[in-house]
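Here are some short exercises to try on a protein model. Have a go at each one before you read the solution.

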Amino acid sequence: MRTGADRVWEEPYRQWIAGKRVGLITNHTGVDSQLRLTAQRMQESPEVDLTAVFGPEHGFLGLAQAGEEVASLTRDEVAAPEGDNGASDSAAQDDNRSGNQRPPAVYSLYGETRAPTGEMLREVDVLVYDIQDLGVRFYTFISTLAECLKAAAANDTPFIVLDRPAPLNGDAIEGPLLEEDLRSFVGVHPLPVRYGLTSGELARLLAAELELEVDLRVVPLEGWTRSMWYEQTGLEWIAPSPNMPTLSTATVYPGLCLIEGTNLSEGRGTTRPFEWIGAPWLDAAALADRLNELGLAGVRFRPQAFQPTFSKFAGRSCNGIQVHVLDRDRFDSLETALHIIGQVRQLHPDRLTFRPAHFDRLIGDSSVRPLLESDSPPAQILETWKTVPAAFSQRRLPYLLY
């Protein structure tokens, strides 16, 4: 299994970057199969002039928490001795001093701007994208991909994707399509919640459906098939963000992230984000029993107390449950999330509340929250998007590479 980050140094792909001033959209997940940073390899290569690095949410180093803005560094600031500036990604200096070239600027795309500006692209001949995402609509790395494609089109800059696998496999499609009125940075395009595309395939779909006139090229994967889950690729898992430590976390994330849109803790600030769900007032034993009695496919529930160190209920003891996925190919994360919310509403009708705007942006379907608030059964909600997988499978066909 070899990613685009491995293959870009081979012909014919090497010619796409050789002799070019490169702007690299990446973070700490941008490594080859030997765990060498693409940014460092480009900085050290005599064939490439790495002039700019663009970091998504969480920053180039992946240090920032969700929603935390990250500052940019100019080339002069990156070259300055450590401590001469207060930018939050200043440690990026160390990763960019090893070559003989002048170090690149490290621009944040999660601060003052969400897309490269014309000034940022002034010294860039080609943009290269190398980030491992999750294959989940509201994971904002794909929003950054969309914004960078638009910037490339607007500035007549070629765009190269170093392809990476869909970690939750490339077959499964889950959830409703994003409604137009609910577009945001956690939903930039009408995709299902889980869409089953590699980075390169998604870029092809976005460029076509956004009608962008952009010179888009993909350095393809070698040895990947659509049925593969991430660990089956033989690649090392690198936590793409602070609250995505394992593939187990990623497996439950498409559905359990909806808990963010309620006053329940989704486990942020613990060692099991999105797998531990709870609140100080929750009857955890009753909730686990009720959920297990439903016999949901591929999953069991167990009472689990926890105390978040930050985020909701920081420093307070929570009564909660752990979501144990026993068969990930049968497990439906969105169905599970709907049942958890529904059962908590039955147990604590006066305690569970929604963060309406955030919940609606995440699920992308304005009908879901009102149905939950009226205690409609999850089966009724799931019925409203049952045609999405087949329809999206057909829609994505022209953009598939594998």
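Below are three exercises, each with a worked solution.

This is a predicted model, where local features need pLDDT of at least 70, side-chain atom pairs count only at pLDDT 80 or more, and totals for chains, interfaces and linings use all residues. Residues are numbered from 1 along each chain as its sequence is written, and side-chain values use heavy atoms, with hydrogens and water left out.

**Exercise 1.** Work out how the radius of gyration of the protein compares with that of a compact globule.

*Solution.* Start with the rule: 2.2 Å times the number of residues to the power 0.38, with the radius taken over C-alpha atoms. For 402 residues that puts a compact globule near 21 Å, and the protein has 22 Å, so the two agree. Next, look at the box the C-alpha atoms fill: roughly 65 × 50 × 40 Å along the principal axes.

**Exercise 2.** What share of the residues is buried?

*Solution.* First, the cut-offs: buried means under 20% relative accessible area, exposed over 50%, and partly exposed in between (1.4 Å probe, protein chains only). Then apply them: 59% of the 402 residues are buried. Two examples are C148, with a relative accessible area of 0%, and C257, at 1%.

**Exercise 3.** How many disulfides does the whole structure hold?

*Solution.* Recall that a disulfide is a covalent bond between the sulfur atoms of two cysteines. The test is a pair of cysteine sulfur atoms within 2.5 Å. Searching the whole structure gives 0. Take C257 as a check: its nearest cysteine sulfur belongs to C318 and is 17 Å away, and C257 is in no disulfide.
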